[in-house]
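User: I would like to learn how to read features off a model, one at a time. Please give the general idea and then the case at hand.

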Amino acid sequence: MSCEHLICARCAGPVVEGRCATCRAARAEVHYPWTFGISPVLIGALVLALTLLIALKFGLN
């Protein structure tokens, strides 16, 4: 869903412009950042840690 075509009932302006607090709240609800709350840096660190563990397990045999 996009807020490009939504019109605010409070200020009658396009929601995408965020003219009033209601517009900004609606825009934030539609365009929410990262749904899981896990940062990309944390995911990268977890992948790196798992890769190192697998390398150590199979590299020492």
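User: Is Cys-8 buried or exposed, and what is its relative accessible area?

Analyst: This is a predicted model, so every value here is computed from predicted coordinates. Burial is read from relative accessible area, and a residue counts as buried under 20%. Cys-8 has a relative accessible area of 7%, so Cys-8 is buried. Cys-8 is found in the segment before α1.

User: Which residues are in contact with Cys-8, apart from its neighbours within four places in sequence?

Analyst: A contact list shows what surrounds a residue. For Cys-8, with neighbours within four places left aside, the list is Gly-13, Val-15, Cys-20, Thr-22 and Cys-23. Thr-22 is 14 residues from Cys-8 along the chain, and their C-alpha atoms are separated by 7.5 Å.

User: How many disulfides does the structure hold?

Analyst: The test is a distance between cysteine sulfur atoms, with a cut-off of 2.5 Å. The structure holds zero disulfides. Cys-8 is in none, its nearest cysteine sulfur being that of Cys-23, 3.5 Å away. Taken from the other side, Cys-23 is also in no disulfide, and the nearest cysteine sulfur to it is that of Cys-8. Cys-23 has 0% relative accessibility and therefore counts as buried.

User: Which residue forms a salt bridge with Glu-17?

Analyst: A salt bridge is read from the gap between a side-chain nitrogen of Lys or Arg and a carboxyl oxygen of Asp or Glu, with a limit of 4 Å. Here Glu-17 is paired with Arg-19, and the closest N and O atoms are 2.8 Å apart. The structure holds one salt bridge. The side chains of Glu-17 and Arg-19 are also joined by a polar contact of 2.8 Å. Glu-17 has a relative accessible area of 46%, so it is classed as partly exposed.

User: Where is Arg-19 placed, and what does Arg-19 touch beyond residues up to four places away in sequence?

Analyst: Position along the chain and contacts in space are read separately. Arg-19 lies in the segment before α1, a helix that covers 21–30. Beyond the residues up to four places away, Arg-19 touches Cys-11, Gly-13, Pro-14 and Arg-24. Arg-19 and Cys-8 are 11 residues apart in sequence, with a C-alpha to C-alpha distance of 9.0 Å.

User: What is the phi value of Ala-12?

Analyst: Backbone torsions are read residue by residue, with attention to the sign. Phi of Ala-12 is near 65°, a positive value in a residue other than glycine. Ala-12 is found in the segment before α1. At 57% relative accessibility, Ala-12 counts as exposed.

User: Which residues make the nonpolar surface patch?

Analyst: A patch is read by grouping accessible side chains that lie together. The members here are Ile-38, Leu-42, Ile-43, Leu-46 and Val-47, and the patch has an area of about 410 Å². One of them, Leu-46, is found in helix α2, which spans residues 40–59.

User: How many helices and strands are in the chain, and what percentage of its residues count as buried?

Analyst: Whole-chain totals give the setting for the local readings. The chain has two helices and zero strands. Of its 61 residues, 11% count as buried. The chain exposes about 5100 Å², of which carbon and sulfur atoms supply 69%. Among contacts between residues at least 6 apart in sequence, 14% join residues at least 24 apart.

Definitions and conventions
Residues are numbered from 1 along each chain as its sequence is written. This is a predicted model: local features need pLDDT of at least 70, side-chain atom pairs count only at pLDDT 80 or more; totals for chains, interfaces and linings use all residues. Side-chain values use heavy atoms; hydrogens and water are left out. Patches are made of residues with over 30% relative accessible area and no salt bridge: like charges are joined within 9 Å, nonpolar side chains (Val, Leu, Ile, Met, Phe, Trp, Tyr) within 5 Å. Accessible areas come from the Shrake-Rupley method with a 1.4 Å probe; for residues, only the protein chains shown count as cover. Helices (H or I, at least four residues) and strands (E, at least two) are DSSP runs, numbered from the N terminus. Buried means under 20% relative accessible area, exposed over 50%, partly exposed in between (1.4 Å probe, protein chains only). Contact means heavy atoms within 4.5 Å. A polar contact is a pair of N or O atoms within 3.5 Å; within protein, one must be able to donate a hydrogen and the other to accept it, and residues adjacent in sequence count only if both atoms are side-chain atoms.
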